Amino acid sequence: MAKYDLRSIMSRFDVEGRFESAVPYGNGHINDTFLVVMSGRKAKRHILQRVNHHVFKRPDLLMENVRRVTVHLREKVLEAGRDPERNALSLFPTREGEFRLVDEDGNTWRLYRFIEETVGYDIVESSPRAHEGGRAFGEFQRMLTDLPGPPLDETIPRFHDVELRVSAFEEAVKADRAARANDVGPEIEWVRSRVWEMGRFIRLGRDGALVVRTTHNDTKFNNVLLDARTDEAVCVIDLDTVMPGFVLYDFGDSVRTVTNTALEDEADGSKIRIDLDLFRAYTQGYLSQAAEFLTPVEVGNLAFAGLVMTFTIGIRFFTDYLDGDRYFKIRSPDHNLIRARAQFTLLESMERGYEEMERIVAREYARVKEHSR
Ligand code: ADP
Ligand code: GN1
Ligand code: MG
């Protein structure tokens, strides 16, 4: 990633100190993230990101979303008597007073305050961590229920629309751009056999049965930072896809990553299954914040959301594999296929655990409601 002059980019932001170093950072699949150290009276760390403009076609509107959301969350955090520099993301302005820096090549850059002494986990190994994740994403949705102004821009239109994802998948099978489809016939049939069932939320949405709210839309567990010492949730990050959506997508995408006993790209299927204790803990944490605003239809579909999102992300990895890996960053030629298979294995485990997941949601919801009376 030496192709960017990060020193010169940093010099255009309004931050104190002398440029010391910049290294690639984190496990994100989309943007380029760098950890930048500035020295001065005290060394300060920052998160510098280049927005992927192949994925996000309108970085200008995206950054306006992020600005509105960070400003609003900062106020909410202050109102709650918490620390706005730790419990909310803060953007640094450029020397021109903008939050978006556009370089000579048209790349969009932004700079966040680095939140120290936190960890983002790719695997969740303890119920208290799962609970904290649920609390954080539930609170995030709750704090955005009164975001002022018009709805946010849809940074990626129809982002979690399974029908759109399925048609993209079928097109990829047909085009077979990377000549890979012949070797994955069983997986293709596996997807096709579930298409109708997985379209439930799209149909409910069309019927007007699901409320469109401001949601995060990328709630994998490593997008919430936990305190490195106490495991308390500190801050929800990765705000690029905060936009109008269904709460079920957020809940489901978290369940996909929180309850999985293995990594998202585990190649050994025998290690992958849903851990129902983690599911219970996540659900408890989430409902502690969200039960007050959820509708009965939303509550009644929480358990199924895990299945829908695991399917949706699974077919996105699979489509990208068939397309020749043009969307997600990969570390090996079959990385997207490994990811897709891992999601399919996880979904099968969820299908087996589904009735128990339904019972857990019903029980935890009843419990929260009982307490709040
Ligand atoms: P991507 O969209 O590519 O996933 P993220 O915004 O999630 O990018 O950032 C990538 C990683 O950088 C995160 O997983 C997290 O570890 C780290 N990170 C991002 N923002 C911050 C921050 N403000 N403070 C500390 N770490 C951060
Ligand atoms: C991408 O940016 P990151 O790595 O947090 C993707 C999500 C997927 C996720 C799968 C904008 O998220 O939708 O669920 O990978 N983000 C975008 O790990 O497509
Ligand atoms: Mg991320």
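These legends go with close-up views of a predicted model, and they follow the meeting of its two assigned domains.

**View 1. Two domains in one protein chain.** Domain 1 covers residues 6-116, and domain 2 takes in 127-372, going by the domain assignment. Measure from centre to centre over C-alpha atoms and you get 26 Å. Where the domains touch, 24 residues come from domain 1 and 32 from domain 2.

**View 2. The area buried between domain 1 and domain 2.** Put together, the pair hides about 2,500 Å². Carbon and sulfur atoms account for 58% of that. Three names to look for on the domain 1 side are His-29, Asn-65 and Arg-68. This trio supplies 26% of the area that domain 1 buries against domain 2, and no other three residues give more.

**View 3. Salt bridges and polar contacts across the domains.** Count the salt bridges linking domain 1 to domain 2 and you'll reach 5. Zoom in on Arg-86 and Asp-227 for a salt bridge between side chains, with N to O at 3.1 Å. As for polar contacts, 16 residue pairs make them between the domains, counting pairs with both residues at pLDDT 80 or more.

**View 4. Helix H2 on the domain 1 side.** Helix H2, which runs over residues 59-79, is the top contributor to the side of domain 1 that touches domain 2. Its share is 10 residues. What's the mix of nonpolar, polar and charged residues on that side of domain 1? The split is 11 nonpolar, 7 polar and 6 charged.

Note on methods: Residues numbered from 1 in each chain as written. Chains lettered and ligands numbered in written order. Predicted model: local features only at pLDDT ≥ 70, side-chain atom pairs only at ≥ 80, totals over all residues. Heavy atoms only, no water. Domains from an automatic or database assignment. Contact = heavy atoms within 4.5 Å. Buried area = accessible area lost by both parts, 1.4 Å probe. Salt bridge = Lys/Arg side-chain N within 4 Å of Asp/Glu carboxyl O. Polar contact = N/O pair within 3.5 Å; in protein donor to acceptor, adjacent residues only side chain to side chain. Helix = DSSP H or I, 4+ residues; strand = E, 2+ residues; numbered from the N terminus. Nonpolar A, V, L, I, M, F, W, Y, C, P; charged D, E, K, R; others polar.
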